Structure formats: structure tokens, C-alpha cells
Amino acid sequence: MNEFYKIDRDVTLSEKIDDDTVVINLSTGCYYNFNATASYIWELACCGLSKDEINSQYTAAFHLSTKKAASDVDLVINTMVSDSLADTTDEKPVTCELPTDIAAYIVPAIEKFDDMQEMLLLDPIHEVTEKGWPYKNNEQ
Amino acid sequence: MNSNIITFSDKLRKSFTDIKLPQIVKNIKIGKLNIRFIFFNHVMAELMTRPFQHLTSDSCDDDICFTIFAADGKSTGISPGFELIVKDGTYSTQNQNLYFNHGNLHMLHNTLTTISSLVDTGSHEAFYYITSLDELPDYEKAAPFRMIFHWICIQYNMNLIHGSVIGENESGFLVAGRGGAGKSTISLLSFINGGKLLGDDYVIIDNETCPTAFSLYNSIKVNPDIVNIYPFLDNYLANRTSKGYDKGYLFADEIPGLSMSVSLKINGIIMLTGEKTSTPRFNKIPGLKALSVIGSSTVFQMPGINKNFLGGITKLVGKLDIHEFIIGPSINENVRLLTDFINTTPLISVILPVFNGSERLTAAVDSVLSQTYENFELIIIDDGSTDGTESIVGNMTDIRVKYIHQTNKGPGPARNNGILNSSGRYIAFLDHDDVWFADKLERQLSFVKHHPEFPVVYCNHNLIFKGPLEDYPWIQKIEGEVRYPHEIPSGMFLDNIVFDRVGLFNPRYRTAEDSDLHLRIKDAGINITVVDDVLFNKHIHGGNISQNIQSNRHNVTALLAESIKRKMFAAKLKVSVIIPVYNPDEHLISCIKSVLSQTLQPYEIIVADDGSKNNVRESLAEIDDPRIKIYRQNNKGISGARNFGISKSSGNILAFIDCDDIWVEQKLELQVERLVMDSSIQAVFGYIRQFYSPEVNMDYRNKYCFEDKPAKGIIPGTLLIKKDDFMKVGQFNENLRLGELFDWIHRFKKLGFNYAVIPDIVMYRRLHYNNNGILNKKDRIDFVKTFAQIIKDKKNEKV
């Protein structure tokens, strides 16, 4: 079965910073650092590629054996799904431009942190707008 | 007269059978009673079965099944001929009720509301009529069919009683008192604070065997004052849109995490007299007083009740102890005392740390397991033993024994580990080389239950020396008499709440850690006493840690120095409260009032105006307090405003609150005590509860849901820190529009600082149109960048 990945952007925040990607799961309160290679797989998944397509793209990018590439991709994808950073789907999501910056190969690694969980689980944000903090909805 | 009553009853019954509309059937079960409701109008069916939702049943096929027909005249066209009974019934001018009890027929007709209830206990049928649903009063929506249930209950040796039932585990107490005595308030508070609630205002008591209470309605009356204390309750008011109500009501099952109990055994009656005193207390009182109050208040609520009712109440009161509860001024203290009172199965956690003490461990454990008071858990903390302790404990079959292994850290951290894993309301410690007497827990528990003003209790002990006394030069002897302190862990018995106030054992002290804790408890002004009985044997042998004289002396000196420092700091305590504002509205007034009503008063309130377009000073004109200082700067964002406020502060403790939130009145007192007493922490947070600001509409409420229960609030509004320590960490990062506290906490932890989160709710966080998450893309990037920096720092630390 050709599996795609869907990221709920209301719950999962991510940003590529230098070569790594930092991912925050607001529903579990954990945050992650994807190293450059893991980051590449994350980006391919975010771009709407299926698992087979990610495997092919990844194999070609780093000139790896199919077996090694599949094992690397599995490692990253499994964490993404098991930690609810992404959901699997049969429907192809909207695609975006594939990443072109590819760093040198290193073994993909994801570091998980839960030391800010207490804070992240409670929506900590008081949004500030021109209207002040807080403002009343005049329509009411 | 009788013929008129029978004619009226027949006519009413016939008018219901003539209704041609489809029937809507709903079934409920209350103990042995099965009730079938038959309605002819969907709105009425939904409205009037809402309070019974927790009793819903699939069918009504059992032997005892009563059918209640309910209809309104407007939608069904029926119109009973009340004129038939006007001259034959008994008229009560008080509520303008007309009622009669004749053979199997019982009837009450309220001439104001037009509600009529007729019960035929012979045919097991009842009829409920109202002219129009528009006339249905709020109290009828919260507790419908009261009179009908009264007559049904009488038939089955049950009583519908005006009162609440609250409890713990499987048993409870009937809370009685005249209207306005505070039954609903105290019951609701007990419920919110973890107790069980079976019913508020009306409950059914089955007198057949041991008295058992059954729930009837899942509605709770809410006094408007309660909403001021617990603003989140406003979210659940079922009649929140009604104007001019003096009491609201809500449905228990709408408050997340709370569900009403269906039945509880009744252990006693708690009477509320409405009397108040400075120190709340319980007094045992004679049954006659309860009989009169329950009887008269129930009759008042349900005029026309059957004379058999009083027989049932007399029987109930005769079987139970009656306790008068005279409440005090502090709601928290009242609830705590009540919780203690109704908790019939207190649990004690016994914490036994052991490090290579297998030789003596079995005797210590046996002395715990053979206690006359049996409802405890024994937590053995193996502090990294290498002498087979684990297998010795592994062979223990008593299910009360729990085993936790940790790497060797010393007795203080081992006991802390036990406390953190404990579930008991009370904590007792036992060193592995000491032995308790069999009644040790019973005696100390009994003492604290009767003297809750002493949450810490020690006891006396025998000293048992291995070998001659001369082998122990560190033992103090005055005029030949051995002196050894009472205040040692094996004799200590305390309320778990003490640790929330002063913190755990300080891990810095490997010896004298018990003296440090004792001193902190004393410095906090917590009452300590000694039960004047010898309740354990203290064994002095070659392996006692306390014989390490050098370390002991050093630590005792250090902890005394800390105590002096604490007292000096407490004497010159000045709390500066920083409130950043930007175009604030009237929520700021509520916010500042909550700060000014603190039990520990702030030294100053710094309103840091971040370039508001409105006049902040003018908007605060109604509050005249010289401690409020308003400073203005050009707009820099919330972190910049907080930093600006800090720069203007002159206190030695900083606390923060956002201008839309509300503090609980004991917030500062609880947090300052913990900060001052617990030298292992540098900052204190607390729990929060969120609530929808009254102005937000249903669309918002549906879109932005939250789990409505106390949540750990690691947010600026709960932060309390010494100013010196804050300055060591540094200011909030003004470049971050979001995530500034994550960045700050990260820097705080980098210094080796720790924070505590006290378990009390310290703040109510207002949810309104403007704080619903990360909306702006740029802010989201900033937020993630904060974490990238944290990760980078972590990596650098590793290197």
C-alpha cells in the first residue's frame, strides 16, 4: 500500500534551522531535533511524497543501497508516526517543492526531549495584537 | 368531597389517555425503583429528563415499575378541571398550593405555576401537568417531579429528603440543614475537591436495611458567591441566561472529571446550622435536632407530604450519629475539615529507606506489617543496596509492600523518592534498623485526626544499644543521662500537605537532613507535637549514619545558618507584583482586585504600560491604593513590558500576573512560604484553572475547548522568585514574541536552579478572544527557534 503522511500544523510545529529540523508536538509536549539526514526524510514526507517515493528519493540523494535506505527511512518515519508528529493517509496530500539542499550523509538520528512538557501541554501563549491584551469582540 | 377527588383524578387520567400525539418513552433506575416517563413533547422530554441522565436505563420491565405521564396543556390541548378540587383539597397560603392525600391518590396543584402532580399508588401511575412549558420555573428544570417521587418513595419504604449526600469511597454522609444554611455550597466544594457527590438538595434514602442513599438528580444548586470563588463554574450554569435568579444550577456530568455517584451507604448526618465561628469544628448533637430540621425543611420544600414521611426520618435519625458542622471564615479550611471528617478510610504511606541493611530489615518490616492500624502502604526504598535487599523484599507476600530501587543517594533523597511515590494522606517514616510498637500508627493517626491543628507528630522511643554505651562517644550524656532527640524520622508522622508547604528533605544534607526538615517545619510556623508514649525502639549500633560526627556537625551548622537566613528574609519580605498591560480593558480591574485581596499583601503593584493608546491611569481610577504604581514605556511587547516592570520594582520577591487573569487569594502566601522554607528551589509555580471570559460566545467556546481541570501552570502568572535569583537568570528575551518563558526556564535550569509547583490552584486563566494560540506564521517560527536554541545549548553542555 502506498502510504502518505499528513502533518497537523495546528499541533505540530517545525522549522529547519541550519541543517537540522526542530519539531514540536504541542499535544504531547515533546520536542525533537532531526539531524540533517533525518531532516531530509521529514521534508520529503512533508512535501507529500509516499513512502516508496521517499525511499527512491533518499536512495538517489545519498547513493545508498536500497536496503540501507529503507532502514534509514523506516527509522525516521516510524518515529514520526509513533510520536504522532504525522499521521499516515492513503490520499496524496498537496505536494510542494522538494528540498534541494542536501548535506553530506550521516546516519539519521532524532533526539527527543520532554523536559518542557509541563509547559508545552498548557497552551502557554497569550497572543498580542494591536487591539491589546485582551480585547472584547465588539460584535458581541 | 371524596367523590370530587375521584372524579377529578379520573378526568385528569382520561385527559392524558386521550392525547393523540406520539409518546416519547424514557426509563430510569433508582435502586430497586424502575421509572418509565411518558412525554408527548420532545422539548419537554429532553428538558425534564436532563437531571436524570446519570440514571438512564434501557427498560422498565422489573416488578417495581412506576409510570409517570407528563404533558403541557399548550402542546397537547388538555385542560384538567381543577375547579373540582378547589373546595375539597387543603389549601396552603404559603406557596399557594392545593393538595390532598386520599387512599391511593395523592395530589398537589400549585396555583401559581399551574403545575399539578397526581400519583395513584394503586395503579403505579403518576400524572404531571403544566399549562405551558414557558411557565416552567428553573427549580423545576433542575429537580422535576419532586412530589411524585415523594409519594412513590413512601410506598417502597424510602424517603425523598431535602439534603445532600457527600462521601468518600463507598460511604457517605447526609448533609442536612434549612434552606440557605450552605448545604449546596459545601457539597459542591467537597465534590470539586475530589469527594463524592450523590445528590444536592434532594436525595432518596432507603431505610430497609442499613441506610443507603440513592441519587435522583444530577443537578447542583450554585450560589452566585461560588462563581466568584470558582469562576470556571460559570461555564456550566444551566440557567446562565436567566435574569434575576438568586441561585443558578448546573449539571454535575458537564464538569469534566466529575461524575455523580448513584448510591452510597450512609454513615451519619452532618447538620449545617448556618452558624459561623473563627475555627470550624464538628460537634456531636442529639438526633432530635436533626429530626426537626430535616422534617421541617423537607415539608417546606414539598408541602402536602405524606404523614408516613416523618416515621421514615425518625427511623433514619435513630440509626445514625448526628454531627453539627460549624463553619469558619476560610472556605478552604472548611472543605479540608469536611474532607477529613468524611474520609473514613485514611491511608498512611510508610516510607522505609534502606541501604545495605538486610540484616535488620525484616524486623523493621515485620513491625510495620503487624500494626493494629492496617490501612497503609509500605514503600521500601532500596538506596542502591548490594547485600541482597531486593531478594529479601521480593519474598515478602504482603500486598501492601511496594519496592522501589534507586542508585545510592542517601537517606534524604530515598525518603523523597518514597514521598513522591506515595498515595497516603499521611506519611510515616521508619529507618530500617528501628522497630515500631504495634499500636504506633493507630496512636499517632488517632491523635492527628482529633487534633488536625498539629499536622506533625513525633513520639517517644527506647534507645537500644548494641554493646556498652562507652562505644558510642557521639551520644550526648548530661549528668550521666543519655540525651537523644524526639525529632527523628522513625517517630515522625505527618500530614502529606506539610511537604507542599516546606518542600522535601534537602538532598544537600547526607546527614542531619531530618533536623533540617524539622527546622523548616518549625520556621514555617507549623504546629509540631509529641505523643507522650514510647512507640518504637531506636537501635544504636556501629552502622548508624549519625555517628559521622564531622559531617553531622558541619551540616547542623549549615542548616542553622540557613534557618537564620530564612527568618531574616521573611522579616523584610517585599513582594513586587508586575502586571504588563497594553490597551487593557476592565479585566485589569478584576486582576488588580485579586492581587489586592491576597492574604499576604503585596508590597507594590507595578503596572507596566507598554505604550497603550488608552489612558491606563484613568481606567484604574476606581482603585485607590498607593501601592499601585503605573509606569509607561514605548511599545516593546509583553517581555519588554515585564522587564520594564522589573526594572521599576523595589521588592525582594517578584510575582507576575497578566492583566486578564485572576489570582486565588492565598496565592502569594502559599508560594512565598514554600520559596522561603525550601532552600532546594529558587522559584515556585502552581496549578491553574482556565475559564471562559463571560463575554465569549458559544462559537468561541466550541472552537477553543480545554480540559477543565486543574493543570500545572508553568506560566508567568504563577511564577514567584526572589529578585536576586531572577537577576542571576537574566531578563526575559525581548526578541521573542512567544516562548519567552521557555527560553527563560532553560537559562534558569542551566544555572542548576530548580523550581517547585505547589499543588494548589493559584490562578484562574481567562480564555477570551485574544489568547487562542499561535496564529501568526512569524511567531510560530520564533517559537520553534527558541527550542532550537535550547537544543543547541544542551549539545554544548554535553561537549
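This is a short tour of selected stops in chains A and B, with something to look at in each.

Before you click, note that this is a predicted model, in which local features need pLDDT of at least 70, side-chain atom pairs count only at pLDDT 80 or more, and totals for chains, interfaces and linings use all residues. Residues are numbered from 1 along each chain as its sequence is written, chains are lettered from A and ligands numbered from 1 in the order in which they are written, and side-chain values use heavy atoms, with hydrogens and water left out.

**Stop 1: chain A as a whole**

Select chain A and colour it by secondary structure. It has 4 helices and 6 strands; here helices (H or I, at least four residues) and strands (E, at least two) are DSSP runs, numbered from the N terminus. Walking from the N terminus, you meet the order β-β-β-β-α-α-α-β-β-α. Of its 140 residues, 46% count as buried, meaning under 20% relative accessible area, while exposed is over 50% and partly exposed lies in between (1.4 Å probe, protein chains only). Contacts (heavy atoms within 4.5 Å) often link distant parts of the chain: among those between residues at least 6 apart in sequence, 68% join residues at least 24 apart.

**Stop 2: the sheet**

Next, select S2, S3, S4 and S6 of chain A. These 4 strands form an open sheet in the order S2-S3-S4-S6, with antiparallel pairing; two strands pair if DSSP finds at least two bridges between them. Which strands stand at the edges? They are S2 (12–17) and S6 (110–113), each with a single partner strand, so one side of each is left without a neighbour in the sheet. The twist averages 15 degrees from one strand to the next. Angles like this run from 0 to 180 degrees between N-to-C directions, and axes are lines fitted to C-alpha atoms, for helices over the stretch in contact.

Zoom in on S4 (residues 30–34), which 4 bridges join to S6 of chain A. Click A:Tyr32 to find one bridge: its partner in S6 is A:Lys112.

**Stop 3: two helices**

Now add helix H1 (residues 36–46) of chain A. This helix packs on the sheet, touching S2, S3 (20–25), S4 and S6, and its direction makes about 60 degrees with that of S3. Add H2 (residues 51–62) too: the axes of H1 and H2 come within 10 Å and cross at roughly 140 degrees.

Show side chains where the helices meet. From H1 come A:Thr37, A:Tyr40, A:Ile41, A:Leu44 and A:Ala45, and from H2 come A:Ile54, A:Gln57, A:Tyr58, A:Ala61 and A:Phe62. By class, this contact has 8 nonpolar, 2 polar and no charged residues. Ala, Val, Leu, Ile, Met, Phe, Trp, Tyr, Cys and Pro count as nonpolar, Asp, Glu, Lys and Arg as charged, and the others, Gly among them, as polar.

**Stop 4: two asparagines in chain B**

Most residues other than glycine have a negative phi. Select B:Asn157, which has a positive phi of about 60 degrees although it is not a glycine. You will find B:Asn157 in the loop between helix H6 (146–155) and strand S10 (158–162) of chain B. At 30% relative accessibility, B:Asn157 counts as partly exposed.

Jump to B:Asn583, with a positive phi of about 50 degrees, in the loop between strand S31 (575–581) and helix H19 (587–596) of chain B. Is B:Asn583 buried or exposed? At 12% relative accessibility, B:Asn583 counts as buried.
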